[in-house]
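Got your viewer open? Load the model, switch to cartoon view, and keep the selection box handy.

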Amino acid sequence: MQPDACKALGEWARELRLTYPANYRRRGIEGGAVVSYDVAPWGAVGNLKVVASEPTSDFGEAATAMLAGAARTSSAIGASGCIDRVRHVMGKPRASLPAEDWPQALH
């Protein structure tokens, strides 16, 4: 369950850039990860942990790399224990993900 403070966070302040694990892209293998993290009041993301990763840990590593470079808009108190699911799905290659493909909070 997503903590209330995480639900109240604003938008991502920077566009998220997900890198698909190269070995899996070439073979057409999709996967995903569930990642937990904290957000500082100034928007920095930290304390990243992979909760689950399928089919291998490479998908969790790619998800944490994406979130490590991310930032939320600033808030009064920040948040701890936020959880997001990151999906790696095959599709047309593009420079970055559109907003509808950004990680979605678990409910």
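Here is a stop-by-stop tour, with something to select at each stop.

**Stop 1: the whole chain**

Keep in mind that this is a predicted model. Colour by secondary structure and you should find 3 helices and 4 strands, arranged along the sequence as α-α-β-β-α-β-β. The chain has 107 residues, and 36% of them count as buried. Turn on a surface next: about 6,300 Å² is exposed, with carbon and sulfur atoms supplying 53% of that area. If you like contact maps, look away from the diagonal: of the contacts with a separation of 6 or more, 72% join residues 24 or more positions apart.

**Stop 2: strand β1 and its partners**

Select residues 31–39, which make up strand β1. How many of its 9 residues are buried? The count is 8, so the strand is largely enclosed by the rest of the structure.

Now add the strands it pairs with. β3, residues 79–88, runs antiparallel to β1 over 8 bridges, while β2 pairs with β1, also in the antiparallel sense, over 7 bridges. Alanine 33 is a handy place to see both pairings: its bridge partner in β3 is valine 86, and in β2 it stands opposite serine 53.

Then follow the chain through the β1–β2 hairpin, where 5 residues sit between the strands. Pick out glycine 43 there, with its positive phi near 105°.

**Stop 3: two backbone oddities around β2**

Most residues other than glycine have a negative phi, and most peptide bonds are trans. Both habits are broken in this stretch, so show the backbone as sticks.

Select asparagine 47 in strand β2. Although asparagine 47 is not a glycine, its phi is positive, at about 55°. Is the residue buried, partly exposed or exposed? Asparagine 47 is partly exposed, at 45% relative accessible area.

Next, go to the end of the strand and select residues 54 and 55. The peptide bond from glutamate 54 to proline 55 is cis, with omega near 0°. Proline 55 belongs to the loop that runs between β2 (45–54) and α3 (57–68).

**Stop 4: the nonpolar core**

In soluble globular proteins, nonpolar side chains tend to be buried together. To see the largest nonpolar core here, which has 16 residues, start by selecting Trp12, Tyr37, Val39, Leu67 and Cys82, the members that touch the most others. β1, α3 and β3 each supply at least two residues of this core, and β1 gives the most, with 4.

Centre on leucine 67 and show its surroundings. Beyond residues up to four places away in sequence, leucine 67 touches Trp12, Val35, Tyr37, Val45 and Leu48.

**Stop 5: threonine 64 on α3**

Stay with helix α3 and select threonine 64. Why does threonine 64 count as buried? Its relative accessibility is 18%, and the cut-off for buried is under 20%. A polar atom of the threonine 64 side chain lies 3.1 Å from the backbone oxygen of glutamate 61. Setting aside neighbours within four places in sequence, threonine 64 is in contact with Val35, Leu48 and Val50.

**Stop 6: the disulfide**

Which cysteine does cysteine 6 join? Select cysteine 82: the two form a disulfide, with an S to S distance of 2.0 Å. The pair brings together distant parts of the chain, with cysteine 6 in helix α1 (residues 4–7) and cysteine 82 in strand β3, 76 residues apart. Check the dihedral about the S-S bond and you get -90°, a left-handed link. Both cysteines, 6 and 82, are buried.

**Stop 7: aspartate 84**

Finish in strand β3 by selecting aspartate 84. With a relative accessible area of 2%, aspartate 84 is buried. What does its side chain make a polar contact with? Show tyrosine 37: the two side chains are in polar contact at 2.5 Å. For one more distance, draw a line between the C-alpha atoms of aspartate 84 and valine 35; they are 5.5 Å apart in space and 49 residues apart in sequence.

Notes:
Residues are numbered from 1 along each chain as its sequence is written. This is a predicted model: local features need pLDDT of at least 70, side-chain atom pairs count only at pLDDT 80 or more; totals for chains, interfaces and linings use all residues. Side-chain values use heavy atoms; hydrogens and water are left out. Buried means under 20% relative accessible area, exposed over 50%, partly exposed in between (1.4 Å probe, protein chains only). Two strands pair if DSSP finds at least two bridges between them. A nonpolar core is a set of buried Ala, Val, Leu, Ile, Met, Phe, Trp, Tyr and Cys residues joined through side-chain atoms within 4.5 Å. Contact means heavy atoms within 4.5 Å. Accessible areas come from the Shrake-Rupley method with a 1.4 Å probe; for residues, only the protein chains shown count as cover. A polar contact is a pair of N or O atoms within 3.5 Å; within protein, one must be able to donate a hydrogen and the other to accept it, and residues adjacent in sequence count only if both atoms are side-chain atoms. A disulfide is a pair of cysteine sulfur atoms within 2.5 Å.
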